[in-house]
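Me: Please give a close account of the ligand surroundings, and of the backbone features that accompany them. A single connected answer would serve me best.

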Amino acid sequence: MAPPMRSLLGLANALEETVVRTQVGIVGAGPAGLLLSHILHLRGIESVVLERHARDDVEAIIKAGVLEQGTIDLMNEIGAGGRMMKEGFRHEGIVLRFDGRDERIDFPSHTSGKSVMIYAQHDVIKDLIKVRLESDGDIRFESKDVSVYDLDTTEPKIRYRDLQGDIHEITCDFIAGCDGTQSVCRPSVPAGVLKVYERLYPFGWFGILCQAPPSSSELIYSMHERGFVLVSTRSPDIQRMYFQCSPTDKTDNWSDDRIWAEFRARLETKDGWAPKEGRIFSKTVIGMRSLVVEPMRYGRLFLAGDSAHVVPPTGAKGLNLAATDAQILARALIEYYKSNRTDLLDRYSDTALRRVWKATRFSWWMTSMLHTFPGADEFQHRLQLAELDYVTRSKAGAAALAENYVGLPID
Ligand code: RFL
Ligand code: PHB
(Lines give C-alpha, C1' and ligand atoms only; values in the text may rest on other atoms or scores of the structure.)
(Ligands and ions follow the chains in the order given, each with its own letter.)
Protein backbone atom coordinates (compact mmCIF):
# COMPACT_ATOMS: atom_id res chain seq x y z
CA MET A 1 0.00 0.00 0.00
CA ALA A 2 1.32 3.49 -0.90
CA PRO A 3 2.23 5.65 2.15
CA PRO A 4 0.00 8.73 2.71
CA MET A 5 1.30 11.86 0.95
CA ARG A 6 1.93 13.68 4.26
CA SER A 7 4.30 11.00 5.58
CA LEU A 8 6.19 10.99 2.27
CA LEU A 9 6.61 14.76 2.53
CA GLY A 10 7.67 14.35 6.17
CA LEU A 11 10.35 11.86 5.13
CA ALA A 12 11.54 14.16 2.34
CA ASN A 13 11.81 17.08 4.79
CA ALA A 14 13.59 14.97 7.37
CA LEU A 15 16.05 13.81 4.72
CA GLU A 16 16.61 17.33 3.48
CA GLU A 17 17.34 18.63 6.98
CA THR A 18 19.76 15.93 7.97
CA VAL A 19 21.76 15.03 4.84
CA VAL A 20 25.47 15.37 5.57
CA ARG A 21 28.68 14.64 3.76
CA THR A 22 31.76 12.91 5.02
CA GLN A 23 34.88 11.51 3.46
CA VAL A 24 34.63 7.97 4.85
CA GLY A 25 31.40 6.51 6.21
CA ILE A 26 32.12 3.61 8.56
CA VAL A 27 29.49 1.05 9.56
CA GLY A 28 30.34 -0.60 12.92
CA ALA A 29 32.22 0.55 16.03
CA GLY A 30 34.16 -2.66 16.61
CA PRO A 31 37.96 -2.87 16.45
CA ALA A 32 38.03 -2.51 12.63
CA GLY A 33 35.75 0.55 12.46
CA LEU A 34 37.22 2.41 15.44
CA LEU A 35 40.84 1.81 14.44
CA LEU A 36 40.16 2.89 10.86
CA SER A 37 38.36 6.03 12.01
CA HIS A 38 41.17 7.06 14.37
CA ILE A 39 44.06 6.33 12.00
CA LEU A 40 42.29 8.43 9.33
CA HIS A 41 41.65 11.24 11.82
CA LEU A 42 45.37 11.40 12.69
CA ARG A 43 46.06 11.99 8.98
CA GLY A 44 43.38 14.67 8.64
CA ILE A 45 40.68 12.52 7.01
CA GLU A 46 37.19 12.80 8.45
CA SER A 47 34.79 9.93 9.02
CA VAL A 48 31.43 9.17 10.62
CA VAL A 49 30.98 5.86 12.48
CA LEU A 50 27.47 4.36 12.66
CA GLU A 51 26.97 1.80 15.45
CA ARG A 52 23.69 0.04 16.11
CA HIS A 53 24.31 -0.64 19.81
CA ALA A 54 24.54 1.79 22.73
CA ARG A 55 28.03 2.76 23.92
CA ASP A 56 27.66 0.79 27.20
CA ASP A 57 26.69 -2.36 25.31
CA VAL A 58 29.56 -2.12 22.82
CA GLU A 59 31.96 -1.65 25.71
CA ALA A 60 30.66 -4.76 27.51
CA ILE A 61 30.80 -7.48 24.82
CA ILE A 62 33.16 -10.24 25.96
CA LYS A 63 35.29 -11.55 23.11
CA ALA A 64 38.99 -11.71 22.37
CA GLY A 65 41.94 -11.62 24.70
CA VAL A 66 45.17 -11.94 22.71
CA LEU A 67 46.73 -8.98 20.85
CA GLU A 68 49.50 -9.65 18.35
CA GLN A 69 52.71 -7.63 18.44
CA GLY A 70 51.52 -5.55 15.45
CA THR A 71 48.20 -4.72 17.17
CA ILE A 72 50.06 -3.69 20.34
CA ASP A 73 52.33 -1.44 18.25
CA LEU A 74 49.36 0.06 16.39
CA MET A 75 47.49 0.88 19.63
CA ASN A 76 50.61 2.67 20.88
CA GLU A 77 51.28 4.52 17.61
CA ILE A 78 47.78 6.00 17.55
CA GLY A 79 47.91 7.06 21.21
CA ALA A 80 45.42 4.47 22.50
CA GLY A 81 47.86 2.09 24.17
CA GLY A 82 48.47 3.73 27.58
CA ARG A 83 46.10 1.61 29.69
CA MET A 84 46.93 -1.54 27.70
CA MET A 85 50.64 -1.11 28.52
CA LYS A 86 49.81 -0.66 32.23
CA GLU A 87 47.09 -3.26 32.71
CA GLY A 88 47.75 -5.80 29.95
CA PHE A 89 49.93 -8.87 30.45
CA ARG A 90 52.79 -9.53 28.08
CA HIS A 91 53.10 -13.24 27.28
CA GLU A 92 56.25 -14.61 25.74
CA GLY A 93 55.02 -18.12 25.00
CA ILE A 94 52.21 -20.65 25.20
CA VAL A 95 52.03 -24.17 26.57
CA LEU A 96 50.82 -27.08 24.44
CA ARG A 97 49.52 -29.86 26.69
CA PHE A 98 49.10 -33.33 25.18
CA ASP A 99 49.69 -36.90 26.23
CA GLY A 100 49.60 -35.70 29.86
CA ARG A 101 52.66 -33.45 29.47
CA ASP A 102 53.46 -29.79 28.83
CA GLU A 103 55.65 -28.42 26.05
CA ARG A 104 56.32 -24.70 25.82
CA ILE A 105 56.66 -22.64 22.62
CA ASP A 106 58.82 -19.59 23.21
CA PHE A 107 57.97 -16.55 21.07
CA PRO A 108 60.87 -14.05 21.34
CA SER A 109 63.60 -16.56 20.52
CA HIS A 110 61.77 -17.65 17.33
CA THR A 111 60.56 -14.22 16.18
CA SER A 112 63.37 -11.71 16.84
CA GLY A 113 61.91 -10.66 20.16
CA LYS A 114 58.15 -10.50 19.46
CA SER A 115 55.45 -11.42 21.98
CA VAL A 116 51.68 -10.97 22.54
CA MET A 117 49.56 -9.05 25.05
CA ILE A 118 46.63 -10.42 27.04
CA TYR A 119 44.19 -7.51 27.10
CA ALA A 120 40.43 -7.95 26.77
CA GLN A 121 38.74 -6.82 23.56
CA HIS A 122 36.16 -4.76 25.47
CA ASP A 123 39.05 -2.82 27.05
CA VAL A 124 40.50 -2.20 23.57
CA ILE A 125 37.05 -0.92 22.53
CA LYS A 126 36.75 1.34 25.61
CA ASP A 127 40.20 2.83 24.92
CA LEU A 128 39.46 3.42 21.23
CA ILE A 129 36.07 5.04 21.88
CA LYS A 130 37.71 7.28 24.48
CA VAL A 131 40.46 8.52 22.14
CA ARG A 132 37.96 8.97 19.29
CA LEU A 133 35.59 11.05 21.41
CA GLU A 134 38.41 13.06 23.00
CA SER A 135 39.42 14.12 19.50
CA ASP A 136 35.82 15.06 18.61
CA GLY A 137 35.26 11.87 16.63
CA ASP A 138 31.75 11.37 15.27
CA ILE A 139 30.46 8.01 16.53
CA ARG A 140 26.67 7.70 16.27
CA PHE A 141 25.60 4.99 18.71
CA GLU A 142 22.16 3.39 18.49
CA SER A 143 21.89 4.00 14.73
CA LYS A 144 19.10 1.71 13.55
CA ASP A 145 18.16 0.26 10.13
CA VAL A 146 21.50 1.16 8.57
CA SER A 147 21.56 0.64 4.80
CA VAL A 148 24.22 1.40 2.19
CA TYR A 149 23.60 2.14 -1.48
CA ASP A 150 24.92 3.84 -4.65
CA LEU A 151 28.03 1.76 -3.96
CA ASP A 152 29.16 1.72 -7.59
CA THR A 153 29.01 5.52 -7.91
CA THR A 154 31.44 8.20 -6.69
CA GLU A 155 28.88 9.22 -4.03
CA PRO A 156 27.97 6.10 -2.04
CA LYS A 157 25.43 6.73 0.73
CA ILE A 158 24.50 5.46 4.16
CA ARG A 159 20.99 5.83 5.52
CA TYR A 160 19.96 5.17 9.13
CA ARG A 161 17.32 6.00 11.71
CA ASP A 162 18.26 7.64 15.02
CA LEU A 163 16.70 6.93 18.43
CA GLN A 164 14.06 9.61 17.89
CA GLY A 165 13.02 7.88 14.68
CA ASP A 166 14.45 10.54 12.34
CA ILE A 167 15.99 9.25 9.13
CA HIS A 168 19.45 10.50 8.15
CA GLU A 169 21.43 10.15 4.97
CA ILE A 170 25.19 10.55 4.71
CA THR A 171 26.88 11.01 1.35
CA CYS A 172 30.44 9.66 1.43
CA ASP A 173 33.49 9.42 -0.78
CA PHE A 174 33.95 5.84 0.44
CA ILE A 175 32.15 3.41 2.79
CA ALA A 176 33.93 0.94 5.06
CA GLY A 177 31.81 -2.08 6.04
CA CYS A 178 33.21 -2.88 9.49
CA ASP A 179 29.98 -4.39 10.77
CA GLY A 180 31.07 -7.87 11.81
CA THR A 181 29.64 -11.29 11.04
CA GLN A 182 26.02 -10.04 10.87
CA SER A 183 27.08 -7.40 8.33
CA VAL A 184 24.48 -5.40 6.39
CA CYS A 185 27.23 -4.15 4.06
CA ARG A 186 28.28 -7.57 2.75
CA PRO A 187 24.76 -8.57 1.57
CA SER A 188 24.37 -5.11 -0.04
CA VAL A 189 26.83 -6.17 -2.73
CA PRO A 190 24.86 -7.42 -5.78
CA ALA A 191 24.44 -11.19 -6.02
CA GLY A 192 27.20 -13.00 -7.89
CA VAL A 193 29.97 -10.46 -7.18
CA LEU A 194 31.39 -12.02 -4.01
CA LYS A 195 32.68 -15.56 -3.77
CA VAL A 196 32.22 -17.13 -0.35
CA TYR A 197 34.58 -19.80 1.00
CA GLU A 198 33.29 -21.49 4.15
CA ARG A 199 34.14 -24.36 6.49
CA LEU A 200 31.96 -25.34 9.47
CA TYR A 201 33.56 -27.29 12.31
CA PRO A 202 31.58 -30.07 14.01
CA PHE A 203 32.10 -28.58 17.49
CA GLY A 204 31.86 -25.36 19.45
CA TRP A 205 33.54 -23.82 22.50
CA PHE A 206 31.97 -23.53 25.93
CA GLY A 207 33.48 -20.36 27.43
CA ILE A 208 33.47 -19.32 31.07
CA LEU A 209 34.70 -16.39 33.10
CA CYS A 210 35.43 -17.15 36.74
CA GLN A 211 36.69 -15.43 39.83
CA ALA A 212 39.95 -17.23 40.66
CA PRO A 213 43.69 -16.68 40.59
CA PRO A 214 45.52 -17.70 37.37
CA SER A 215 46.10 -21.43 37.02
CA SER A 216 49.13 -20.89 34.82
CA SER A 217 51.50 -18.03 33.97
CA GLU A 218 50.97 -18.74 30.24
CA LEU A 219 47.99 -19.85 28.13
CA ILE A 220 47.55 -23.62 27.96
CA TYR A 221 46.20 -25.17 24.73
CA SER A 222 45.35 -28.73 25.73
CA MET A 223 44.57 -31.68 23.47
CA HIS A 224 42.69 -34.52 25.18
CA GLU A 225 40.56 -37.44 23.98
CA ARG A 226 37.54 -35.90 25.77
CA GLY A 227 38.12 -32.70 23.79
CA PHE A 228 40.18 -29.52 23.59
CA VAL A 229 40.63 -27.08 26.51
CA LEU A 230 42.07 -23.55 26.56
CA VAL A 231 43.19 -22.03 29.84
CA SER A 232 43.41 -18.24 29.38
CA THR A 233 43.31 -15.31 31.74
CA ARG A 234 42.05 -11.76 32.08
CA SER A 235 43.54 -10.46 35.33
CA PRO A 236 44.98 -11.69 38.64
CA ASP A 237 41.37 -12.27 39.85
CA ILE A 238 39.48 -13.21 36.67
CA GLN A 239 40.17 -16.20 34.45
CA ARG A 240 38.87 -17.12 30.97
CA MET A 241 38.61 -20.80 30.10
CA TYR A 242 37.05 -22.76 27.25
CA PHE A 243 36.32 -26.43 26.53
CA GLN A 244 35.29 -28.05 23.27
CA CYS A 245 31.58 -28.89 23.23
CA SER A 246 28.84 -29.81 20.81
CA PRO A 247 27.92 -26.79 18.63
CA THR A 248 24.29 -27.22 19.78
CA ASP A 249 25.11 -27.48 23.50
CA LYS A 250 23.28 -25.19 25.94
CA THR A 251 24.72 -23.39 28.95
CA ASP A 252 21.82 -24.78 31.04
CA ASN A 253 23.22 -28.30 30.53
CA TRP A 254 26.30 -27.40 32.52
CA SER A 255 26.22 -26.85 36.29
CA ASP A 256 29.35 -25.29 37.82
CA ASP A 257 30.31 -28.65 39.35
CA ARG A 258 29.98 -30.42 36.01
CA ILE A 259 32.09 -27.73 34.29
CA TRP A 260 34.92 -28.04 36.81
CA ALA A 261 34.82 -31.87 36.65
CA GLU A 262 35.17 -31.64 32.84
CA PHE A 263 38.08 -29.18 33.07
CA ARG A 264 39.83 -31.39 35.64
CA ALA A 265 39.39 -34.53 33.52
CA ARG A 266 40.69 -32.90 30.34
CA LEU A 267 43.57 -31.01 31.93
CA GLU A 268 45.05 -33.87 33.93
CA THR A 269 48.82 -34.27 33.69
CA LYS A 270 51.11 -37.06 34.81
CA ASP A 271 52.07 -35.03 37.90
CA GLY A 272 48.47 -34.30 38.95
CA TRP A 273 48.03 -30.65 37.83
CA ALA A 274 44.55 -29.15 38.42
CA PRO A 275 43.06 -25.75 37.53
CA LYS A 276 42.31 -23.23 40.28
CA GLU A 277 38.54 -23.13 40.67
CA GLY A 278 36.27 -20.22 41.56
CA ARG A 279 32.81 -18.72 41.10
CA ILE A 280 31.72 -18.89 37.46
CA PHE A 281 29.93 -15.66 36.48
CA SER A 282 29.62 -16.03 32.70
CA LYS A 283 28.88 -19.03 30.46
CA THR A 284 28.56 -18.98 26.65
CA VAL A 285 28.55 -21.45 23.75
CA ILE A 286 30.42 -20.25 20.66
CA GLY A 287 30.10 -21.76 17.17
CA MET A 288 33.25 -22.40 15.12
CA ARG A 289 33.65 -21.66 11.44
CA SER A 290 36.03 -20.31 8.84
CA LEU A 291 34.68 -17.92 6.21
CA VAL A 292 36.36 -15.71 3.61
CA VAL A 293 34.63 -13.56 0.98
CA GLU A 294 36.45 -12.37 -2.11
CA PRO A 295 36.98 -9.66 -3.13
CA MET A 296 36.77 -7.44 -0.04
CA ARG A 297 35.57 -4.55 -2.19
CA TYR A 298 32.67 -3.58 -4.40
CA GLY A 299 32.83 -0.16 -6.08
CA ARG A 300 33.41 2.32 -3.24
CA LEU A 301 32.45 -0.14 -0.48
CA PHE A 302 35.40 -1.78 1.30
CA LEU A 303 34.83 -4.66 3.74
CA ALA A 304 37.14 -4.97 6.76
CA GLY A 305 37.32 -7.40 9.71
CA ASP A 306 34.68 -10.02 10.49
CA SER A 307 32.33 -8.66 7.80
CA ALA A 308 34.74 -10.17 5.24
CA HIS A 309 36.23 -13.13 7.11
CA VAL A 310 35.72 -15.23 10.22
CA VAL A 311 38.19 -17.63 11.84
CA PRO A 312 37.75 -20.15 14.65
CA PRO A 313 39.23 -18.59 17.83
CA THR A 314 41.93 -21.27 18.32
CA GLY A 315 44.57 -19.11 16.61
CA ALA A 316 43.49 -15.85 18.38
CA LYS A 317 43.43 -14.08 15.02
CA GLY A 318 40.02 -12.39 14.45
CA LEU A 319 40.57 -9.05 16.19
CA ASN A 320 44.12 -8.91 14.93
CA LEU A 321 42.97 -9.41 11.33
CA ALA A 322 40.41 -6.64 11.82
CA ALA A 323 43.27 -4.40 12.98
CA THR A 324 45.46 -5.19 9.95
CA ASP A 325 42.57 -4.70 7.49
CA ALA A 326 42.00 -1.28 9.10
CA GLN A 327 45.68 -0.40 8.65
CA ILE A 328 45.82 -1.55 5.02
CA LEU A 329 42.61 0.32 4.15
CA ALA A 330 43.70 3.45 6.02
CA ARG A 331 47.02 3.46 4.17
CA ALA A 332 45.21 3.25 0.81
CA LEU A 333 42.74 6.02 1.70
CA ILE A 334 45.55 8.28 3.00
CA GLU A 335 47.39 7.81 -0.29
CA TYR A 336 44.21 8.64 -2.22
CA TYR A 337 43.59 11.89 -0.33
CA LYS A 338 47.26 12.88 -0.39
CA SER A 339 48.04 12.31 -4.05
CA ASN A 340 44.80 11.22 -5.72
CA ARG A 341 46.35 7.80 -6.34
CA THR A 342 43.92 4.88 -6.47
CA ASP A 343 46.42 2.03 -6.90
CA LEU A 344 46.57 1.15 -3.18
CA LEU A 345 42.75 1.18 -3.03
CA ASP A 346 42.70 -1.05 -6.09
CA ARG A 347 45.10 -3.44 -4.38
CA TYR A 348 43.37 -3.31 -0.95
CA SER A 349 41.48 -6.59 -1.36
CA ASP A 350 44.48 -8.55 -2.70
CA THR A 351 46.83 -7.18 -0.03
CA ALA A 352 44.41 -7.91 2.82
CA LEU A 353 43.40 -11.34 1.50
CA ARG A 354 46.99 -12.56 1.29
CA ARG A 355 47.28 -12.15 5.07
CA VAL A 356 43.68 -13.24 5.73
CA TRP A 357 44.25 -16.58 4.04
CA LYS A 358 47.44 -17.19 6.03
CA ALA A 359 45.58 -16.50 9.29
CA THR A 360 42.72 -18.69 8.05
CA ARG A 361 45.20 -21.49 7.43
CA PHE A 362 46.85 -21.04 10.84
CA SER A 363 43.49 -20.99 12.68
CA TRP A 364 42.30 -24.08 10.79
CA TRP A 365 45.62 -25.86 11.51
CA MET A 366 45.59 -25.08 15.26
CA THR A 367 41.93 -26.17 15.40
CA SER A 368 42.59 -29.43 13.53
CA MET A 369 45.69 -30.27 15.56
CA LEU A 370 44.11 -29.68 18.97
CA HIS A 371 40.44 -30.75 18.75
CA THR A 372 38.84 -34.17 18.89
CA PHE A 373 36.79 -34.69 15.73
CA PRO A 374 33.57 -36.71 16.10
CA GLY A 375 34.11 -40.15 14.59
CA ALA A 376 37.91 -39.77 14.49
CA ASP A 377 39.72 -43.05 15.01
CA GLU A 378 42.90 -43.96 16.89
CA PHE A 379 44.96 -43.42 13.71
CA GLN A 380 43.80 -39.80 13.56
CA HIS A 381 44.58 -39.34 17.26
CA ARG A 382 48.12 -40.72 16.78
CA LEU A 383 48.70 -38.31 13.87
CA GLN A 384 47.65 -35.36 16.05
CA LEU A 385 50.03 -36.49 18.81
CA ALA A 386 52.85 -36.89 16.27
CA GLU A 387 52.18 -33.40 14.90
CA LEU A 388 52.26 -31.88 18.40
CA ASP A 389 55.45 -33.76 19.19
CA TYR A 390 57.02 -32.49 15.95
CA VAL A 391 55.92 -28.87 16.49
CA THR A 392 57.29 -28.77 20.02
CA ARG A 393 60.56 -30.63 19.37
CA SER A 394 61.58 -29.26 15.99
CA LYS A 395 63.03 -25.76 15.89
CA ALA A 396 61.39 -25.18 12.51
CA GLY A 397 58.02 -26.48 13.77
CA ALA A 398 58.09 -24.27 16.87
CA ALA A 399 59.20 -21.25 14.82
CA ALA A 400 56.29 -21.74 12.39
CA LEU A 401 53.79 -21.72 15.25
CA ALA A 402 55.46 -18.81 17.02
CA GLU A 403 55.70 -16.48 14.00
CA ASN A 404 52.05 -17.05 13.09
CA TYR A 405 50.87 -16.61 16.70
CA VAL A 406 52.63 -13.27 17.25
CA GLY A 407 51.40 -12.17 13.80
CA LEU A 408 52.80 -12.25 10.28
CA PRO A 409 53.91 -8.99 8.65
CA ILE A 410 51.34 -7.07 6.58
CA ASP A 411 53.17 -7.28 3.26
P1 RFL B 1 32.95 -6.69 15.54
O2 RFL B 1 33.80 -6.68 16.76
O3 RFL B 1 31.87 -7.70 15.47
O4 RFL B 1 32.32 -5.23 15.41
C5 RFL B 1 31.29 -4.96 14.50
C6 RFL B 1 30.48 -3.81 15.04
O7 RFL B 1 29.49 -3.49 14.06
C8 RFL B 1 28.25 -3.29 14.71
N9 RFL B 1 27.19 -3.58 13.72
C10 RFL B 1 26.40 -2.62 13.19
N11 RFL B 1 26.36 -1.29 13.37
C12 RFL B 1 25.42 -0.58 12.65
N13 RFL B 1 24.54 -1.19 11.81
C14 RFL B 1 24.55 -2.52 11.60
N15 RFL B 1 23.69 -3.09 10.79
C16 RFL B 1 25.52 -3.30 12.30
N17 RFL B 1 25.82 -4.62 12.34
C18 RFL B 1 26.82 -4.77 13.22
C19 RFL B 1 28.27 -4.29 15.86
O20 RFL B 1 27.35 -3.91 16.88
C21 RFL B 1 29.73 -4.17 16.31
O22 RFL B 1 29.89 -3.17 17.28
O23 RFL B 1 33.81 -6.83 14.20
P24 RFL B 1 35.33 -6.39 13.86
O25 RFL B 1 35.56 -4.96 14.15
O26 RFL B 1 35.56 -6.92 12.52
O27 RFL B 1 36.23 -7.21 14.93
C28 RFL B 1 36.32 -8.62 14.86
C29 RFL B 1 36.57 -9.18 16.27
O30 RFL B 1 35.55 -8.72 17.14
C31 RFL B 1 36.59 -10.72 16.27
O32 RFL B 1 37.24 -11.21 15.14
C33 RFL B 1 37.31 -11.27 17.54
O34 RFL B 1 36.53 -11.06 18.68
C35 RFL B 1 37.62 -12.75 17.38
N36 RFL B 1 38.25 -13.33 18.59
C37 RFL B 1 39.58 -13.19 18.84
N38 RFL B 1 40.35 -12.44 18.03
C39 RFL B 1 41.65 -12.23 18.33
O40 RFL B 1 42.35 -11.57 17.54
N41 RFL B 1 42.24 -12.71 19.48
C42 RFL B 1 41.52 -13.47 20.35
O43 RFL B 1 42.03 -13.85 21.40
C44 RFL B 1 40.15 -13.76 20.04
N45 RFL B 1 39.40 -14.47 20.88
C46 RFL B 1 37.45 -14.07 19.48
C47 RFL B 1 38.07 -14.63 20.63
C48 RFL B 1 36.08 -14.21 19.28
C49 RFL B 1 35.35 -14.95 20.18
N50 RFL B 1 33.95 -15.11 19.94
C51 RFL B 1 33.00 -14.55 20.82
C52 RFL B 1 33.53 -15.43 18.61
C53 RFL B 1 37.33 -15.35 21.53
C54 RFL B 1 35.98 -15.53 21.30
C55 RFL B 1 35.21 -16.34 22.29
C1 PHB C 1 40.79 -15.51 25.22
O2 PHB C 1 41.48 -15.23 26.22
O3 PHB C 1 39.60 -15.21 25.13
C4 PHB C 1 41.40 -16.30 24.11
C5 PHB C 1 42.77 -16.56 24.14
C6 PHB C 1 43.34 -17.30 23.12
C7 PHB C 1 42.56 -17.77 22.08
C8 PHB C 1 41.19 -17.49 22.04
C9 PHB C 1 40.62 -16.74 23.06
O10 PHB C 1 43.11 -18.54 21.10
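Reply: In what follows, contact means that heavy atoms lie within 4.5 Å of one another. The model is a predicted one, and every value below is computed from it.

A suitable starting point is Ile-220, which belongs to strand 13, residues 220–222. Is Ile-220 buried or exposed? Its relative accessible area is 2%, and the limit for a buried residue is under 20%; Ile-220 is therefore buried. Setting aside neighbours within four places in sequence, Ile-220 is in contact with Val-95, Arg-97, Val-229, Leu-230, Val-231 and Trp-273. Of these partners, Val-231 stands 11 residues from Ile-220 along the chain, yet the two C-alpha atoms are separated by 5.0 Å.

The surroundings of ligand 2 come next. Fourteen residues surround this ligand, and those that come nearest are Tyr-221, Ser-232, Arg-234, Tyr-242 and Pro-313. Strand 14 (229–233) and strand 15 each contribute at least two residues to this shell. Two of the polar contacts use side chains: a polar side-chain atom of Ser-232 is placed 2.6 Å from an oxygen atom of ligand 2, and a polar side-chain atom of Arg-234 is placed 2.8 Å from an oxygen atom of the ligand. Thr-314 takes part through its backbone, with an N or O atom 3.4 Å from an oxygen atom of ligand 2. The protein covers 96% of the 280 Å² of accessible area that ligand 2 has on its own. By class, the shell comprises eight nonpolar, three polar and three charged residues.

Ligand 1 has 31 residues around it, the closest being Glu-51, Gln-121, Asp-306, Leu-319 and Asn-320. Which elements supply this shell with at least two residues each? They are helix 2 (31–42), strand 15 (238–245) and helix 8 (318–339); strand 15 also supplies at least two residues of the shell around ligand 2. Helix 8 gives the most to the shell of ligand 1, namely four residues. Sorted by class, that shell holds 15 nonpolar, nine polar and seven charged residues.

Backbone atoms provide several polar contacts to ligand 1. A backbone N or O atom of Ala-32 lies 2.9 Å from an oxygen atom of the ligand, while a polar backbone atom of Ala-316 is 3.2 Å from an oxygen atom of the ligand. Gly-318 places a backbone N or O atom 3.2 Å from a nitrogen atom of ligand 1. The protein covers 88% of the 1,000 Å² of accessible area that ligand 1 has on its own.

Two of these contact residues merit a further look. Ala-32 is one of the buried residues of helix 2, among which are also Pro-31, Gly-33, Leu-34 and His-38. Why may helix 2 be called largely enclosed by the rest of the structure? The reason is that 10 of its 12 residues are buried. The length of helix 2 is also consistent, because 12 residues at 1.5 Å a residue should span 16 Å and the end C-alpha atoms are 17 Å apart. Just after this helix, Gly-44 takes a positive phi of about 80°.

Ala-316, in turn, sits in the loop between strand 19 (309–310) and helix 8. Its phi is near 55°, a positive value in a residue other than glycine. As background, most residues other than glycine have a negative phi, and most peptide bonds are trans. Ala-316 has 16% relative accessibility, and so it counts as buried.

Another residue with a positive phi is Ser-112, at about 55°, although it is not a glycine. Ser-112 lies in the loop between strand 6 (101–106) and strand 7 (116–118). The cut-off for an exposed residue is over 50%; with 76% relative accessibility, Ser-112 therefore counts as exposed. The peptide bond from Glu-294 to Pro-295 is cis, with omega near -10°, and Pro-295 is placed in the loop between strand 16 (279–294) and strand 17 (297–298).

Helix 11, residues 395–406, completes the account. It has 12 residues and reaches 16 Å from its first C-alpha to its last, close to the 16 Å expected. Ser-394 caps its N-terminal end, with a side-chain oxygen 3.1 Å from the backbone nitrogen of Ala-396. Buried residues of helix 11 include Gly-397, Ala-398, Leu-401, Ala-402 and Tyr-405. Just after the helix, Gly-407 takes a positive phi of about 110°.

Notes
Residues are numbered from 1 along each chain as its sequence is written. Chains are lettered from A and ligands numbered from 1 in the order in which they are written. This is a predicted model: local features need pLDDT of at least 70, side-chain atom pairs count only at pLDDT 80 or more; totals for chains, interfaces and linings use all residues. Side-chain values use heavy atoms; hydrogens and water are left out. A residue is near a molecule or strand if one of its heavy atoms lies within 4 Å of it. A polar contact is a pair of N or O atoms within 3.5 Å; within protein, one must be able to donate a hydrogen and the other to accept it, and residues adjacent in sequence count only if both atoms are side-chain atoms. Accessible areas come from the Shrake-Rupley method with a 1.4 Å probe; for residues, only the protein chains shown count as cover. Ala, Val, Leu, Ile, Met, Phe, Trp, Tyr, Cys and Pro count as nonpolar, Asp, Glu, Lys and Arg as charged, and the others, Gly among them, as polar. The expected span of a helix is 1.5 Å times one less than its number of residues. Buried means under 20% relative accessible area, exposed over 50%, partly exposed in between (1.4 Å probe, protein chains only).
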